[in-house]
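Here are two short exercises to work through with the model open beside you. Try each task before you read its solution.

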Amino acid sequence: MSAQGAKDGSAVLRVGLAGAGNIAVQHARGWSTYPARAKIAAIADVDPNRTKLLNDDFAAGEAKTYESTEALIADPDLDVIDICLPHHLHVDAVIAAARAGKAVLCEKPLCTNLADARRIKETLCQTGTVFMSAHNQLFQPSLIEARRLMAGGVIGQPYLIRSIETFQSRAFNPWSADGSSGPKSWGWRSDLAQSGGGELLDTGYHGTYRLLSLAGERPVEVTGLMSRFFQQELKTEDTGMVLVRFASGVVGEILTSWALDVVGGRHFEISGELGALAGSATSLQHQLYTWPEPSTKTFQPVASFTAEIGHFLDVVQRGAPNPAPIDLAARTLQVIKAAYVSANLGQTVTLPEDPTAAPEPRQQPAATAFSVTVPEEVLA
Ligand SMILES: NC(=O)c1ccc[n+]([C@@H]2O[C@H](COP(=O)([O-])OP(=O)(O)OC[C@H]3O[C@@H](n4cnc5c(N)ncnc54)[C@H](O)[C@@H]3O)[C@@H](O)[C@H]2O)c1
């Protein structure tokens, strides 16, 4: 397809899916929603059974199939590579796809360490690749509406932003009585060489980019606390709590877990100068402090992967703004890495301005408009 065809949306993009597992099914459903704009032309997975299932279900068995990502990326007929692989395979796949001139959509996390994030960024800059990170939760209507209300000033200056991404996973079920529903293996997720981290790097990635999107400014310092409450077979955390101070002094908090949940499926809470907002996937509550009750707006559930893929098509074909470019993906990883470093040191860490640079132990607290120096009398 010509570059012009991609830009003005006149051609059907030919998509190659790298990985045919769990999340690839959601992506395939998304691509299939836009038949006039994109088609799944090829699928690769080391497991040919998975490739076949996806091909039959979403491409009428007509997609080309490969057993390696390298072969998929080398296919000159593809315009887009959609990466749905385990975490440790993201970096090589993104770099190879960019060098092969494909547009790239990549599942979270961007990769497993900041040195690789830098290599990815350098490659994307050199090649001019269209790259979007698959931050599907950005497409939840409650989040979009909350951002709109905040931009309109309805709660005044925000002070606290809490982002929540929690569920109790029974993928490994310690209580299974009859053996029919477990225990199951966590697979590559329990192998740190493949996962690169625990719950925070995995599901917590959503909570982290959601916090960054609500704050809309640079995070400057991070404090992390990791716990393993429930998933004893994991080698690291099943629950992360992360405090983030932003440059203006706004304070963020991420609560993310495979061990526990919160009431009502909340995704975020924002409290500001005039009032507060609270959102779940299908509702947004808004309460000024002078109101006796919140007002509630409800939304139809959204297929967030389908919305994300529709927007990716807009980015590639129509030059739409990219909501999850490389710098935001790297910044998300940097906050998570900072939380791990902080939990290990038992100390707050500072985030460099470069989103691919390593966090550093804090020398002195960030001085912001809202920072407090605790008086000597109080410390005694
Ligand atoms: N956005 C979300 O809500 C969400 C949810 C789940 C997973 N994910 C992300 O999607 C990605 C995949 O996760 P998943 O749950 O689909 O995992 P999965 O294990 O179900 O699927 C991964 C697939 O990759 C294949 N694979 C492994 N090594 C390969 C290789 N060398 N070459 C080609 N194929 C290979 C496996 O056979 C498997 O089919 C991860 O990055 C994960 O974090 C995102």
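**Exercise 1.** Find how strand E9 and strand E10 pair, and place them in their sheet.

*Solution.* Step 1: E9 (residues 239-246) and E10 (residues 251-257) run antiparallel, joined by seven bridges; strands are DSSP E runs of at least two residues, helices are H or I runs of at least four, both numbered from the N terminus, and pairing takes at least two DSSP bridges. The model is predicted, with local features needing pLDDT of at least 70 and side-chain atom pairs pLDDT 80 or more, while totals for chains, interfaces and linings use all residues. Residues are numbered from 1 along each chain as its sequence is written, and side-chain values use heavy atoms, without hydrogens and water.

Step 2: Check one bridge: Met 241 is partnered by Leu 255 in E10.

Step 3: Now zoom out to the open, mixed sheet of ten strands, ordered E14-E13-E12-E11-E7-E10-E9-E8-E15-E16. E14 (295-298) and E16 (360-361) each have a single partner strand, so one side of each lacks a neighbour in the sheet.

**Exercise 2.** Describe the interface of domain 1 and domain 2.

*Solution.* Step 1: Set the bounds, which come from an automatic or database assignment: domain 1 is 3-134 + 307-324 and domain 2 is 138-302 + 333-361.

Step 2: About 1,700 Å² is buried between them, 68% of it from carbon and sulfur atoms; this is accessible area (1.4 Å probe) lost on being put together, summed over both parts. On the domain 1 side, His 87, Lys 108 and Leu 114 lose the most area, together 36% of what that side buries.

Step 3: Look for salt bridges (Lys or Arg side-chain nitrogen within 4 Å of an Asp or Glu carboxyl oxygen): two cross the interface.

Key
Buried area is the accessible area (1.4 Å probe) that two parts lose on being put together, summed over both.
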